[in-house]
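User: I'm new to this structure and would like a close look at just one part of it. Please pick a helix, explain the terms as you go, and tell me what its residues meet.

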Amino acid sequence: MLPASGIHLSVLLAHVQPGFFLDGVFKLPEGREFYVQILLRTLHFLAGIIWIGHLYFFNLVNVNLMKALDGPTKGKVIPQLMPRALWWFRWGALITVLVGLMYYAMYILKSDSSNAGKNVWAVLIVWLLIPIVTFAIEMIVVKRVNNGWALAVIVTVLMMIMALAIICWLKLQLAGYGSNKSYSIGLGGALGLIMLFNVWGIIWPNQKRIISWTADNAENGTAIPPESAKLGRVAFLASRTNTWLSVPMLFLMGASSHFTMLGV
């Protein structure tokens with residue numbers, strides 16, 4: 001015979017329906033669009049963590065580590081570490097930006113452009129051209145200006161001009177229908193594009209050559225070309241530029257949903 005407490009428990013369990021604990025708590029959204037959106041967002045976040053995580057590792061940890069290593073140790077460490085790290089770094093950057101562009105065009109800019117009576121692709125293409133032109137100028141500056149502080153000032157002014165151009169373009173096209181998301185991600189995404197171009201246009205090409213020379217020196221004793229130092233300096237400046245640009249980029253991405261300051 002069950003004790004009183006056991007009887008009360010058995011009565012309670014007898015009246016509990018199979019979905020009692022999840023009723024009103026767990027409910028999947030209806031419609032394929034919601035699943036596409038969450039898939040794109042998850043992939044964007046995951047790739048972004050890989051990309052920016054490696055960026056901070058390179059700048060906050062690896063730079064000082066390499067300074068502390070002697071030549072023979074670098075010959076062992078660099079060929080093993082850097083190709084692996086740069087693989088995740090550059091492909092994480094590419095996936096982050098491409099998926100972000102898809103989401104921005106399909107679910108944010110499209111809505112505001114439609115409300116304003118504009119073609120989203122026309123708005124998007126001109127928006128894309130602005131950071132592309134900005135990067136072309138920035139790449140020349142990074143390769144020619146060796147002083148980090150001078151580069152920081154020039155890049156800051158250049159980014160401010162780019163931001164102003166983007167705001168003017170979006171304001172002209174969206175005509176009062178531009179949302180905080182369109183402006184914030186429009187600006188943050190442009191910074192992300194600059195960072196992506198720095199990765200694939202400057203950092204990776206330079207580092208690839210340095211890694212090859214270092215490995216050849218370690219294996220065969222081949223002298224490292226004098227231009228290696230120049231390439232390394234340019235790659236470092238581009239990487240440090242990306243580190244600083246990541247701060248306003250991340251702020252703007254967060255502000256798109258959590259800090260309304262632009263648009264309507």
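Analyst: What follows is a tour of one helix and the places connected with it.

First, the ground rules. This is a predicted model, so local features need pLDDT of at least 70 and side-chain atom pairs count only at pLDDT 80 or more, while totals for chains, interfaces and linings use all residues. Residues are numbered from 1 along each chain as its sequence is written, and side-chain values use heavy atoms, with hydrogens and water left out.

The helix I've picked is α6, and S182 is a good way in, since that residue sits there. Helices here are DSSP runs (H or I, at least four residues; strands are E, at least two), numbered from the N terminus. Is S182 buried or exposed? S182 counts as buried because its relative accessible area is 0%. Buried means under 20% relative accessible area, exposed means over 50%, and partly exposed is in between, using a 1.4 Å probe and protein chains only.

Which side chain does S182 meet in a polar contact? The partner is the side chain of D112, at 2.5 Å. A polar contact is a pair of N or O atoms within 3.5 Å; within protein, one must be able to donate a hydrogen and the other to accept it, and residues adjacent in sequence count only if both atoms are side-chain atoms. Beyond neighbours within four places in sequence, S182 is in contact with Y104, I108, L109, D112, L170 and L174. "Contact" here just means heavy atoms within 4.5 Å.

One name from that list comes up again in the nonpolar core. Along with W127, L170 has the most contacts inside the largest nonpolar core, which has 58 residues. Helix α6 (180-220) is one of the contributors: α2, α3 (71-115), α4 (120-144), α5 (148-174), α6 and α7 (227-258) each supply at least two residues. A nonpolar core is a set of buried Ala, Val, Leu, Ile, Met, Phe, Trp, Tyr and Cys residues joined through side-chain atoms within 4.5 Å. As background, nonpolar side chains tend to be buried together in soluble globular proteins. As for W127, its contacts outside the four-place window are L101, Y104, I166, W169, I185, G186, G189, A190 and L193. Y104 thus touches W127 and S182 too.

Back on the helix, Q207 is another α6 residue. It is buried because its relative accessibility is 18%. Setting aside residues up to four places away in sequence, Q207 touches M82, L86 and A235.

I210 also lies in α6, and it counts as buried because its relative accessible area is 11%. What does I210 touch once residues up to four places away are set aside? The answer is S228, L231 and G232. I210 and G232 are 22 residues apart along the chain, yet their C-alpha atoms are separated by 7.3 Å.

R209 tells another story. A search of the whole structure turns up one salt bridge, and R209 and E227 are the side chains that meet in a salt bridge, at 3.1 Å from N to O. The pair links distant parts of the chain, with R209 in helix α6 and E227 in helix α7, 18 residues apart. A salt bridge means a side-chain nitrogen of Lys or Arg within 4 Å of a carboxyl oxygen of Asp or Glu. In general, side chains of opposite charge can pair when their charged atoms come close. R209 is partly exposed, with a relative accessible area of 37%, and E227 is partly exposed as well, at 39%.

Another residue to visit is G75, which sits in helix α3. G75 counts as buried because its relative accessibility is 10%. Not counting neighbours within four places in sequence, G75 is in contact with T214 and A218. G75 and E219 are 144 residues apart in sequence but 8.4 Å apart in space, C-alpha to C-alpha.

Finally, step back to A175, in the loop between α5 and α6. Its phi is near 45°, a positive value in a residue other than glycine. Most residues other than glycine have a negative phi. A175 counts as partly exposed because its relative accessibility is 47%.
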